[in-house]
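Dear colleague,

I am passing on the structure we spoke about, and below it you will find what came out of going through it. Please read the notes with the structure open beside you.

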Amino acid sequence: MNKIPTKQILNKHTLYYCKINNYLTRPELRCAREIITSHLKTGSVIIYQIVTAIRASVDKQQTTKSLRNHYNKKGFLMKLRKGHIRCLADSIHDGDYIL
């Protein structure tokens, strides 16, 4: 996906992050939002390309280090997964597959 996400997609993402807000701290939520949104913009999982897409006013190296620290933080992915599953709980029914 080479194009910047439309306003509609960004609005849906904002609603999603509001739902998982209870499971993550504010810095963790910001990190998750930046990584996921930038991944959608770039289509890449390479951290440096994600940081480039963020267009942060601070140093890219410092931003890369910050995102890596949050991502490698013990329990971060578990909290993110738990929030994601709780967010989708209403739309999951018997016989559905979760990938």
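**Helix α4**

At 1.5 Å a residue, the 12 residues of α4 should span 16 Å, and the C-alpha atoms at its two ends do lie 16 Å apart, which agrees. Please keep in mind throughout that this is a predicted model.

The residues of α4 that count as buried are Thr63, Thr64, Leu67 and His70. They cover an arc of only 130 degrees around the axis, which puts them on the same side of α4. The face turned away from that buried side carries Gln61, Gln62, Lys65 and Asn69, which are exposed. As for what the buried side meets, the buried residues of α4 pack against α2, α3 and α5.

**Helix α5**

The same check on length can be made for helix α5, residues 76–88: with 13 residues at 1.5 Å each step, a span of 18 Å is expected, and its end C-alpha atoms are 19 Å apart, which agrees. Buried in α5 are Phe76, Leu80, Gly83 and Cys87. These residues cover an arc of only 65 degrees around the axis, and therefore they sit on the same side of α5. On the other side of α5, Arg81 and Arg86 are exposed. The buried residues of α5 pack against α1 (7–19), α2 (26–42) and α4 (60–71).

Ile85 also belongs to helix α5, and it is partly exposed, with a relative accessible area of 34%. Although Ile85 and Ile20 are 65 residues apart in sequence, their C-alpha atoms are 9.3 Å apart in space.

**Tyr23 and its contacts**

Tyr23 is placed in the loop between α1 and α2, where it is partly exposed, with a relative accessible area of 27%. Which residues does Tyr23 contact, leaving aside its neighbours within four places in sequence? They are Lys79, Lys82, Gly83 and Arg86; of these, Gly83 is one of the buried residues of α5, whereas Arg86 is exposed on the other side of that helix. Tyr23 and Phe76 are 53 residues apart in sequence, and the distance between them, C-alpha to C-alpha, is 9.7 Å.

**The largest pocket**

The largest pocket holds about 300 Å³ of space. Its lining is made up of 15 residues, of which Ile35, Ile36, Val45, Ile50 and Tyr71 are the closest to its centre. At least two residues of the lining come from each of α2, α3 (47–54), α4 and α5, and the largest share, four residues, is supplied by α2. Sorted by class, the lining of the largest pocket has 11 nonpolar, three polar and one charged residues.

**The chain as a whole**

Stepping back from the single helices, the protein chain has five helices and zero strands, so that, in order from the N terminus on, its elements run α-α-α-α-α. Of its 99 residues, 26% count as buried. Among the contacts in the protein chain with a separation of 6 or more, 51% are accounted for by residues 24 or more positions apart; the contact between Tyr23 and Lys79 is one that you can look up in the structure.

With best regards

Key. Residues numbered from 1 in each chain as written. Predicted model: local features only at pLDDT ≥ 70, side-chain atom pairs only at ≥ 80, totals over all residues. Heavy atoms only, no water. Expected span 1.5 Å × (residues − 1). Buried < 20%, exposed > 50% of the residue type's maximum accessible area, 1.4 Å probe, protein only. Arc of directions from axis to C-beta. Contact = heavy atoms within 4.5 Å. 1 Å grid on protein atoms, 1.4 Å probe; cavity = no way out; pocket = protein on both sides within 12 Å on 5 of 7 lines; lining within 4 Å. Points joined across faces, edges and corners; volume = space filled by probe spheres on them. Nonpolar A, V, L, I, M, F, W, Y, C, P; charged D, E, K, R; others polar.
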